[in-house]
Amino acid sequence: MASSVAHRTRSDAVAQALRQAQQLYEQGRLAEAARLCEAIIGNAPRRHDAWLLLGHICLRGQLGEKALEVVRKAAQLAPASVPAQCAVAEAFAALAQYRPARQALGRAARLAPGDAGLWLRRAHLAQQAGAIEDMAADLDQAVALRPDLAEVWLARADLRLHRGQHDAALADYDEALRRAPGLAGARLNRGNALHALGRVGDALAEYDAAVSLAPDMQQAHANRGNCLLAMGAVEAAIECYDRALAIDPSSPHLLSSRGAALHGAGQLQAALIDLEDALRLAPGHLQSLVNYANVLEALGRHEEALSSYDHALRLQPAHAAAIANRDAAMRAQGAA
């Protein structure tokens, strides 16, 4: 009886010490939390939760090798612990060892077969490793497990958009938005898929919806501008780029786009200023170089225009617009 009471007393003391260590960890007092965990482990070496907390402390302190050693001990003591397997995955990922990280998450997924979040995490690791087919398989599994979750459809839609599978991406965005109509990012990327398919008017409607949901989403304003420019509504496009630049005034991409629109509106000096600013921010920005050359040519500054086209073609020798515009500039110069 006395032995049982003493055991409970020790167990209660360990639990209290772990709570204290957790509080120190949450307060960012990592050294104190680590010392307390090590003291607990010294007295109760089979407490996997103490090893696990110490592993999280090491991870937060960017002690990758030490973290991996510690969390693997936690997983060894409690092989059926999903948090321990997830911590092993996190430690491997911190060391950029993505394959064993995914394997650890696979073990966690087998222990918690209905947890789609684990498959989403595996997919993220596959993306970091550049293993796109593995990422696609993980996202398919997440969708199969939890088709009621908008986030799984959205993640797979984004991957399909990235891979150029635009029709499949649209179908997944539709499913995500059916479950969560307020996803501004889904509206934005659905618009991107439509634009890539040449459905510019439909894309514009999606960007309008994205702006309505998230007025400060600069990419939605910029993409509205791109659609309007493609539709020949140059002044309206400039207004969109103005709104986007009010949100992100240092974006070379936005400055380049507005510069091209200003060129289209015949405002050559304003266009030149935007493009010079874009190239000052990003001297090797390809589209800015081409747009800048186009404006220089329109201003009659032929030698500078050719130099800018040449710079662009050194960066990308097969750039079709740079080749065509340079050839046209050469012919115009020869005719003069």
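Ala96 counts as partly exposed, at 48% relative accessibility, and this residue is a convenient place to enter the structure, which is a predicted model. Ala96 is placed in the loop that runs between helix α5 (82-94) and helix α6 (98-111). Its backbone deserves a look as well, since phi of Ala96 is near 60°, a positive value in a residue other than glycine.

A positive phi near 60° is also found at Gln62, again a residue other than glycine. Gln62 belongs to the loop between α3 (48-60) and α4 (64-77), and with a relative accessible area of 73% Gln62 is exposed, because the cut-off for that class is over 50%.

From these loops we can turn to two places where a charge meets an aromatic ring. The charged end of Arg60 sits over the ring of Tyr25, at 5.0 Å from the centre of that ring, while the charged end of Lys73 sits over the ring of Trp51, at 5.9 Å from its centre. As for rings paired with one another, a search of the whole structure finds zero aromatic pairs.

The next stop is helix α8, residues 132-145, where Asp138 is found. Asp138 has a relative accessibility of 3% and therefore counts as buried, the limit being under 20%. The side chain of Asp138 makes a polar contact with the side chain of Arg122, at 3.3 Å. Apart from residues up to four places away in sequence, Asp138 touches Arg102, Trp119, Arg122, Ala123 and Ala126, so that Arg122 appears both as a polar partner and in this wider list of contacts.

Further along the chain, helix α12 (residues 200-213) holds Val211, which at 17% relative accessibility counts as buried. Once its neighbours within four places in sequence are left aside, Val211 is in contact with Ala220, His221 and Arg224. A sense of scale comes from Val211 and Asp327, which lie 116 residues apart in sequence and 40 Å apart in space, taken from C-alpha to C-alpha.

Helix α14 lets us follow a whole helix rather than a single residue. At 1.5 Å a residue, the 14 residues of α14 (residues 234-247) should span 20 Å, and the C-alpha atoms at its ends are indeed 20 Å apart, which agrees. Within α14 the buried residues are Val234, Ala237, Ile238, Cys240, Tyr241, Ala244 and Leu245. Seen down the axis of α14, these buried residues fall within an arc of 160°, so they line one face of the helix. The general background is that an α-helix has 3.6 residues a turn, so residues three or four places apart point the same way. As for what this face meets, the buried residues of α14 pack against α13 (218-230) and α15.

Helix α15, residues 252-264, is also the place of Ser256, with which this walk ends. Ser256 is buried, because its relative accessible area of 2% falls under the 20% limit. The side chain of Ser256 makes a polar contact with the side chain of Ser288, at 3.3 Å. When residues up to four places away in sequence are not counted, Ser256 touches Leu275, Ala278, His285, Gln287, Ser288 and Asn291, and Ser288 is thus both a polar partner of Ser256 and one of the residues in contact with it.

Methods:
Residues numbered from 1 in each chain as written. Predicted model: local features only at pLDDT ≥ 70, side-chain atom pairs only at ≥ 80, totals over all residues. Heavy atoms only, no water. Helix = DSSP H or I, 4+ residues; strand = E, 2+ residues; numbered from the N terminus. Buried < 20%, exposed > 50% of the residue type's maximum accessible area, 1.4 Å probe, protein only. Polar contact = N/O pair within 3.5 Å; in protein donor to acceptor, adjacent residues only side chain to side chain. Contact = heavy atoms within 4.5 Å. Phe/Tyr/Trp six-rings, centres within 6.5 Å; stacked < 30°, edge-to-face > 60°. Lys NZ or Arg CZ within 6 Å of the ring centre and 35° of its normal. Expected span 1.5 Å × (residues − 1). Arc of directions from axis to C-beta.
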